[in-house]
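Reader: Got a minute to walk me through this one? I'd like the core and the sheets, then the odd backbone spots.

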Amino acid sequence: MVPLSGLHIFVVLLFFGALASAQIRYSTPEEAKVGSVIGNVAKDLGLDPTTLKERRFRIVAGTKDSLFEVNQNNGALYNTQKVDREDICEHSGACLVELKIVIENPLEIHYISVEVTDRNDNAPMFPEKEQTFEIGEQTSPGMKYKLQAARDPDAGINSVRTYTLTSNDHFEIDVRQSDDDKIPFLVLKKALDREQISEHMLILTAIDGGKPRRSGTLNVSVIVHDTNDNRPVFSQDTYHVTMQENVPIGTEIIKVTAIDKDEGVNGEIEYSLGKALHRNIYDIFELNSLSGEIKVKGGVDFEKAVVYKIDVQASDRGTPPLSSECRVIIKVQDLNDNPPTIEVTSLSNTVPEDTKPGTGISLISVSDKDSGVNGKIILSLTKDLPFELKPTYKDNVYSVVTKGLLDRETVSHYDITITAADCGDPPLLASKTLGVQIADVNDNSPSFLKNPVELYLVENNAVLASIFSVSASDRDLNENAAITYHILRQGGPKDMASFLNVNSDNGQISALKTFDFESLKTFTFKIVASDSGTPALSSNVTVNVFLLDQNDNPPVILHPVSSNGSAEGVEEVPRNVPAGHLVTKVRAYDADIGYNGWLLFSLQEVSDHSLFGLDRYTGRIRTLRSFTETDEAQHKLVILVKDNGNVSLSATATVVVKLVEPKEAISASDVKSAVTDIGDSSVIFYLMITLASVSTLFLISIIVLIAMQCSKTTDVSSKYLPETNYDGTLCHSIQYRSGEKRYMLVGPRMSIGSTIVPGINGNTLVVPDRRSTSTENPILVLSLSMVLEETAAVHDVHAVLRFC
């Protein structure tokens, strides 16, 4: 940088004796580059550049010496660092740096001034970043408020020249000059309204005159103080809210909100309920005075009130306080909280069982306090009952009527449960049970447990003794079930009812005569049971009486029989007959049947036990060995015939056996043959008739047996059937059938497969059923006390056959 010349450089040379003094003034801009040449001091002082180093050309120490230095080679003045004018010349107009240069040999001192010229390198700055004012909204326009003044280190035109303010409607800037400073003022040009703007944020800008211009800013906050000039304002004039009934206590229903544009106590709001509300509102709802929340305080019941209208007041705390009101309309929604109610208007507790379908027995009404679908009721009745509900002309009134026939004997009491369900979600139920008793009518006849009834009566019964009892039952009640008995008498010689008597109260039957099995095997009579209803109903039971045999008849000897009727006979036997020869056969008859008529033969007396033997079952007498010459010519045999009754009855027969020579035997045979031939013609005729009758009876019995097997009936006529497979001494063989069971009584010679086992009253004969080959057919056991005797005609036929 060249030194200023002319106007810029002034060289003053002063000579004071031996010292030479000179002052040179240079100029350099601030912030110049380090090493920039400011001027050539040696040249300007007229010094020889070559002697500068020898003469120790230098700047002596000073406060500002470090900023500048001289070159001892050429005498140039240059800066050693960037020079900031504002650092070295604060607040001064012209910034001069005084330097002292010393040269020795001879000693010279020169004073040099370096002016540092200003650059606009600093922006205006405020002492603080923000300035706040508090102004009441009632302040009148024109009021001024002093603002901070900006400071700019630059000088001259580079310093602060003007102030500007953010554009707004309420404030403007006014600048006053004070000495070299410009003082800004904030002027209120329009009244403030805190409710519109509670705080004004302004920016004050200080601008210098440099190029380019620099500026600094100050944040100006104007806080508007409130006055109580606004009432609280609710967000709505009328609040509508819906709530359900039965909400829990403490539930928040709604929150009302009021706004007061004022602030502080002027804007603090308190809420309160209106003073003219219905008393129950204060009991049900409560209002939070600070938050405006309305909560449930008591029970809310839709059935008591559907809508609640509440006036709420909001007041500020200003002086005087300002207030406003709003209305809260609370609509209560119905909940299904009431079950239906069932009321029985009338009820017939007792209904006759012959009541016709459609007859009303009860009138009921239903109701529900809820509304809408919650109050709509659906009725139902217990299923599978002979009753139904019928609506009447009036809503929610129904009648219970019969829908089917009633039968007290099937169901005597009904519990009719009526269920009412509303249509809420979930539905609520109510039920009521009607007890209906079914009254009896006489619609059932007395009935016997079994019909016909089989009575087995032992013969020789005691007169007037009870032989049997019948019992009938009636499903009706009381007098309709009170039963009396009587015998149905049909008249006629075969009507055995005349020999019987029945107790009308208990059905005990007693016999008026003694019955004889040998005279009468079976008979039938009927008992009538009548109730005491109106009209009386009756039924009868058939009693089939089967007489049972007792051992009351001793055996009767049929052969041998002498001419005088005694049981004696003479048999002539040739001496030359071999062993096992049939001498004769003792035949006997017993009017009893079964074991009572089962005859056994035994030798009670014999002259020689080695000669004769007796078959105990058939009565056949045979020789045990051949006769010898030493054997006596005549032998007497006494045969005992005994039945098998509990108390055995017996008879004896005597057979005299005469041994004759063979010729005599032949002659005797011829004589017998001649005698026999005389009566053969008549005997054979009767035998043929008898055989035809027996054959017919046999065929009829077989046909009846087959029919009984097919129909599985228990006809009394099939009780006794003759046994065709019979072999033995003259006795009785009886078949007895009862339903699926078949009994056969034989004696004394049993069929193949029969077995004698010990019985209660003697011996019991067990006979396998020949009707089926299945191994599963039961073995039927019949006690002798149950044996029935066959008819007399069959006895006679058997007697003739066995005799022949």
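Author: Sure. One term before the core: a nonpolar core is a set of buried Ala, Val, Leu, Ile, Met, Phe, Trp, Tyr and Cys residues joined through side-chain atoms within 4.5 Å. Also, this is a predicted model.

Reader: Fine. Which residues touch the most other members in the largest nonpolar core?

Author: Phe285, Val312 and Val328 do. That core has 31 residues.

Reader: Which elements each supply at least two residues of this core?

Author: One helix entry is α3 (279-284). The strands are β17 (238-244), β18 (252-255), β20 (269-273), β21 (285-287), β22 (293-296), β23 (307-316) and β24 (323-333).

Reader: Is there a second core, or what else is there? Which residues does it include?

Author: A separate second core has 28 residues. Ile467, Tyr485, Leu500 and Ile527 are among them.

Reader: Back to valine 328. What does it touch, leaving out residues up to four places away in sequence?

Author: Valine 328 touches Tyr239, Val241, Ile254, Val256 and Ile294. It also touches Tyr308, Lys309, Ile310 and Val312.

Reader: And isoleucine 330: buried or exposed?

Author: Buried, because its relative accessibility is 0%, and under 20% counts as buried. Isoleucine 330 lies in strand β24. With the same sequence neighbours left out, up to four places away, isoleucine 330 touches Val241, Met243, Ile253, Phe285, Val306, Val307, Tyr308 and Ile310.

Reader: How far apart are isoleucine 330 and glutamine 244?

Author: 86 residues in sequence. In space, 10.0 Å, C-alpha to C-alpha.

Reader: Sheets now. What is the strand order in the open sheet of 3 strands?

Author: The order is β18-β22-β21, with antiparallel pairing. β18 and β21 stand at the edges with a single partner strand each, so one side of each has no neighbour in the sheet. Neighbouring strands there are turned by 20° against each other on average, direction ignored.

Reader: How many bridges join β21 and β22?

Author: 3, in the antiparallel sense. Phenylalanine 285 stands opposite valine 296 in β22. Phe285 is also one of the residues touching the most other members of the largest core.

Reader: What about the open sheet of 4 strands? What is its order?

Author: β25-β27-β30-β29, antiparallel again. The edges are β25 (341-347) and β29 (387-391), each with a single partner strand, so one side of each is left without a neighbour in the sheet. Here the average turn between neighbouring strands is 30°, direction ignored.

Reader: How do β25 and β27 pair?

Author: Antiparallel, over 6 bridges. β27 covers residues 360-367. Leucine 347 has serine 362 in β27 as its bridge partner.

Reader: Zoom out. How many helices and strands are in the protein chain?

Author: 5 helices and 56 strands. The chain has 804 residues, and 43% count as buried. Its accessible surface comes to about 42500 Å², with 53% belonging to carbon and sulfur atoms.

Reader: How many disulfides?

Author: 0. Cysteine 326 counts as buried, at 4% relative accessibility. Cysteine 423 is partly exposed, at 29%.

Reader: Backbone oddities, then. What's the usual case?

Author: Most residues other than glycine have a negative phi, and most peptide bonds are trans.

Reader: Which proline follows aspartate 425 through a cis peptide bond?

Author: Proline 426, with omega near 0°. Proline 426 sits in the loop between β31 (413-422) and β32 (429-439). Threonine 534 to proline 535 is also cis, with omega near -5°. Proline 535 is in the loop between β40 (522-530) and β41 (538-548).

Reader: And phi? What is it near in arginine 56?

Author: Near 55°, a positive value in a residue other than glycine. Arginine 56 lies in the loop between α1 (41-45) and β4 (58-59), and is partly exposed at 45% relative accessible area. Leucine 464 has a positive phi too, near 70°. Leucine 464 is in the loop between β34 (453-458) and β35 (466-469).

Reader: Leucine 464: buried or exposed?

Author: Exposed, at 60% relative accessibility.

Methods:
Residues numbered from 1 in each chain as written. Predicted model: local features only at pLDDT ≥ 70, side-chain atom pairs only at ≥ 80, totals over all residues. Heavy atoms only, no water. Buried < 20%, exposed > 50% of the residue type's maximum accessible area, 1.4 Å probe, protein only. Contact = heavy atoms within 4.5 Å. Pairing = 2+ DSSP bridges. Axes fitted to C-alpha atoms, helices over the stretch in contact; angles between N-to-C directions. Areas by Shrake-Rupley, 256 points an atom, 1.4 Å probe, with all protein chains shown as cover. Disulfide = S-S within 2.5 Å.
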